[in-house]
Amino acid sequence: MIFRQLFEPLSSTYTYLLGSKETGKAILIDPVIATMDRDLAELQKLGLTLAYTVDTHVHADHITAAL
């Protein structure tokens with residue numbers, strides 16, 4: 001399993017990346033639209049394909065990147 005904790009400082013939001021070495025698939029938990037390029041670059045660096053995004057909650061101070 002691959003695990004990364006990513007941080008967006010403007011809204012103080014943590015995003016979590018979980019990936020499988022076996023399948024090459026990943027999930028982003030609580031992604032922020034302002035850091036979408038960073039998150040996609042991290043996936044590419046790790047050789048992972050984004051399979052899912054999940055929002056556990058929402059805030060008024062940032063827009064989610066989950067579609």
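What is the strand order of the open sheet, and what pairing does it have? The order is β1-β2-β3-β4, and the pairing of these four strands is mixed. The model is predicted.

## Sheet

β1 (2–8) and β4 are the edge strands. Each of them pairs on one side only. On average, neighbouring strands are turned by 20° against each other, direction ignored.

The pairings are listed here.

| Strand pair | Sense | Bridges |
|---|---|---|
| β1 and β2 (residues 13–19) | antiparallel | seven bridges |
| β2 and β3 | antiparallel | four bridges |
| β3 (residues 25–29) and β4 (residues 49–54) | parallel | five bridges |

Individual residues fix the register. Glutamate 8 stands opposite threonine 13 in β2. Leucine 17 faces leucine 28 in β3 as its opposite residue. Between β3 and β4, lysine 25 has threonine 49 as its bridge partner, and isoleucine 29 stands opposite valine 54.

The link from β3 to β4 passes through helix α1 (residues 36–46). This β-α-β crossover is right-handed. Helix α1 lies across β1, β2, β3 and β4. Its direction is at about 160° to β1.

## Loops and backbone angles

β2 and β3 form a hairpin, with five residues between the two strands. In that turn, glycine 24 has a positive phi of about 75°.

Most residues other than glycine have a negative phi. Two loop residues here go the other way. Serine 12 is not a glycine, yet its phi is positive, near 55°. Serine 12 sits in the loop between β1 and β2. Aspartate 30 also has a positive phi, of about 60°, and is not a glycine. Aspartate 30 belongs to the loop between β3 and α1.

Are these two residues buried or exposed? Serine 12 has a relative accessible area of 51%, so it counts as exposed, the cut-off being over 50%. Aspartate 30 has a relative accessible area of 8%, so it counts as buried, the cut-off being under 20%.

## Arginine 38

Arginine 38 is part of helix α1. Its relative accessibility is 30%, so it is classed as partly exposed.

Which residues does arginine 38 touch, leaving out those up to four places away in sequence? They are Leu6, Phe7, Glu8 and Thr15. Leucine 6 lies 32 residues away along the chain, but the two C-alpha atoms are separated by 9.3 Å. The side chain of arginine 38 comes to 2.8 Å from the backbone oxygen of phenylalanine 7. Within the helix region, the side chains of arginine 38 and aspartate 39 share a polar contact of 2.7 Å.

## Nonpolar core

In soluble globular proteins, nonpolar side chains tend to be buried together. What makes up the largest nonpolar core here? Six residues do: Ile2, Leu17, Ala26, Leu28, Leu43 and Leu48.

Leucine 48 has contacts on several elements. Not counting residues up to four places away in sequence, leucine 48 touches Ile2, Leu17, Gly19, Ser20, Gly24, Lys25, Ala26 and Leu43. Leucine 17, a core member, is also the residue opposite leucine 28 across the β2 and β3 pairing. Glycine 24, the turn residue with positive phi, is among the contacts of leucine 48. Lysine 25 is another of these contacts, and pairs with threonine 49 in β4.

Notes
Residues are numbered from 1 along each chain as its sequence is written. This is a predicted model: local features need pLDDT of at least 70, side-chain atom pairs count only at pLDDT 80 or more; totals for chains, interfaces and linings use all residues. Side-chain values use heavy atoms; hydrogens and water are left out. Two strands pair if DSSP finds at least two bridges between them. A crossover is right-handed if, with the strands pointing away from the viewer, the path from the first strand over the helix to the second runs clockwise. Buried means under 20% relative accessible area, exposed over 50%, partly exposed in between (1.4 Å probe, protein chains only). Contact means heavy atoms within 4.5 Å. A polar contact is a pair of N or O atoms within 3.5 Å; within protein, one must be able to donate a hydrogen and the other to accept it, and residues adjacent in sequence count only if both atoms are side-chain atoms. Axes are lines fitted to C-alpha atoms, for helices over the stretch in contact, and angles run from 0 to 180 degrees between N-to-C directions. A nonpolar core is a set of buried Ala, Val, Leu, Ile, Met, Phe, Trp, Tyr and Cys residues joined through side-chain atoms within 4.5 Å.
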